[in-house]
Amino acid sequence: MTKPFVFITRQVPEESLVALKVVADVEVWPEKETPVPRELLLEKAAKAAGLYTMLSDKIDDELLNNAPNLKVVANLAVGFDNIDVKTASEKGVAVCNTPDVLSDTTADLTFALLMATGRRIVEAAEYVKEGKWQNWAPLLLAGTDIHHKTIGIVGMGRIGSAVAKRATGFEMEILYHNRSRNTKAETELGAEYVSFDDLIERSDYIVCLAPFTEDTKDLFTYETFKQMKSSAIFINASRGGVVVEEDLIKALEEKSIAGAGLDVFRQEPISKDHPLLTFSNVVALPHIGSSSVETRHEMAALVSRNIANVLKGDKPEAIVNEEVLG
Ligand code: DGY
């Protein structure tokens with residue numbers, strides 16, 4: 001009996017495919033970094049029962065409407081804003097993601113980005129490498145403290161809570177804003193629920209971890225940055241689309257805020273000529289929130305199990321549109 005066809009849009013750890021290969025005929029786009037061309041993705045989707053996708057693959061209505069056998073799209077990410085979930089649900093296609101397994105790793109990176117921006121770590125490391133370090137000086141590359149400052153977390157889900165947990169170790173005051181109250185974070189981590197405006201005005205570090213949705217699109221505008229303390233540092237580890245980048249650039253030019261740490265951008269990858277890279281007080285990373293070897297292996301294994309389970313008619317561990325399971 002022929003097995004259902006699954007197309008994987010990037011090279012992933014081979015050992016993570018074992019479970020999947022039992023139930024499916026698997027084809028892998030053989031590139032580690034280059035995305036599969038759109039035309040080829042459409043061609044593969046047209047005959048696939050499963051698609052194993054990256055957050056950079058656009059799974060839109062054009063693709064979904066031309067994929068008659070498709071049963072599951074499983075993203076190697078917790079975010080799934082690259083997938084048209086509404087159309088997928090209408091077509092009965094399960095959309096799966098990788099929550100939980102990456103929360104601590106993404107929180108580690110987010111906190112590292114916060115610390116790197118606040119304490120000017122990247123700038124300082126470059127200073128040494130470029131041979132500029134001639135003398136010790138009292139205020140040489142002086143940054144801003146992290147301990148005992150106020151962190152404002154926008155999006156207090158699993159990753160936000162893990163960031164808050166790290167902030168407790170630095171004895172920070174923790175404010176958060178979220179669609180709904182997170183009473184666990186309030187009782188266990190001492191986080192205070194505040195309005196978005198309150199958070200923006202009171203925080204020393206504003207950290208965005210909210211998922212990218214119609215509600216969070218363009219959430220951070222020029223007005224938002226103007227509302228922040230001039231000593232505030234903005235950290236974004238969610239999606240680039242939550243920020244109006246021209247507005248962030250203007251705010252940085254006017255020194256309305258003290259710096260920004262960015263793991264995500266509106267259009268990824270950014271080029272080396274991107275205006276945000278001209279600021280010494282901007283730390284820019286190539287969207288590596290969940291990128292530790294251990295976590296990427298766990299994520300890859302979870303994606304495989306998600307696809308295998310859907311194809312076997314079992315409930316996958318992580319599904320975004322449970323209603324399609326009937
Ligand atoms: C995700 O999984 O959505 C993260 O952005 C990856 O780093």
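Which strands does helix 12 (residues 293–312) lie across? The legends below answer this and present further views of a predicted model.

**Figure 1. Helix 12 lies across four strands of the predicted model.** Helix 12 (residues 293–312) lies across strand 1, strand 3 (50–53), strand 4 (72–75) and strand 5. Relative to strand 4, helix 12 runs at about 170°.

**Figure 2. Five strands form an open sheet with parallel pairing.** The order of the strands in this sheet is 2-1-3-4-5. Its edges are strand 2 (25–28) and strand 5 (94–96), each of which pairs on one side only. On average, neighbouring strands of the sheet are turned by 15° against each other, direction ignored. Strands of a sheet pair through backbone hydrogen bonds, and the pairing may be parallel or antiparallel.

**Figure 3. Strand 1 and strand 2 run parallel and are joined by bridges.** Strand 1 comprises residues 5–8, and 4 bridges join it to strand 2. In one part of this pairing, F5 has D25 in strand 2 as its bridge partner.

**Figure 4. Y176 and Y193 form an edge-to-face aromatic pair.** A search of the whole structure finds 6 aromatic pairs. In the pair of Y176 and Y193, the rings lie 5.3 Å apart, centre to centre, with 65° between the planes. The pair links distant parts of the chain, for Y176 belongs to strand 7 (residues 173–177) and Y193 to strand 8 (residues 192–193), 17 residues apart. Is each of these residues buried or partly exposed? Y176 is buried, because its relative accessible area is 0%. Y193 has a relative accessibility of 29% and therefore counts as partly exposed.

**Figure 5. F225 and F234 form an edge-to-face aromatic pair within a cluster of rings.** The distance between F225 and F234 is 5.3 Å centre to centre, and the angle between the planes is 80°. F225 counts as buried because its relative accessibility is 0%. F234 likewise has 0% relative accessibility and so counts as buried. Ring pairs link F225 and F234 with F196 and F220 into a cluster.

**Figure 6. The whole protein gives the setting for the close-up views.** The secondary structure comes to 12 helices and 12 strands. The C-alpha atoms fill a box of roughly 75 × 45 × 30 Å, taken along the principal axes. The radius of gyration is 21 Å, which agrees with the value near 20 Å for a compact globule, because the protein has 326 residues. Buried residues make up 49% of these 326 residues. The protein exposes about 16,100 Å², of which carbon and sulfur atoms supply 52%.

Conventions: Residues are numbered from 1 along each chain as its sequence is written. This is a predicted model: local features need pLDDT of at least 70, side-chain atom pairs count only at pLDDT 80 or more; totals for chains, interfaces and linings use all residues. Side-chain values use heavy atoms; hydrogens and water are left out. Two strands pair if DSSP finds at least two bridges between them. Helices (H or I, at least four residues) and strands (E, at least two) are DSSP runs, numbered from the N terminus. Axes are lines fitted to C-alpha atoms, for helices over the stretch in contact, and angles run from 0 to 180 degrees between N-to-C directions. Contact means heavy atoms within 4.5 Å. The radius of gyration is taken over C-alpha atoms; the globule rule is 2.2 Å times the number of residues to the power 0.38. Buried means under 20% relative accessible area, exposed over 50%, partly exposed in between (1.4 Å probe, protein chains only). Accessible areas come from the Shrake-Rupley method with a 1.4 Å probe; for residues, only the protein chains shown count as cover. Rings of Phe, Tyr and Trp (its six-membered ring) pair if their centres lie within 6.5 Å; planes under 30 degrees apart count as stacked, over 60 as edge-to-face and the rest as tilted.
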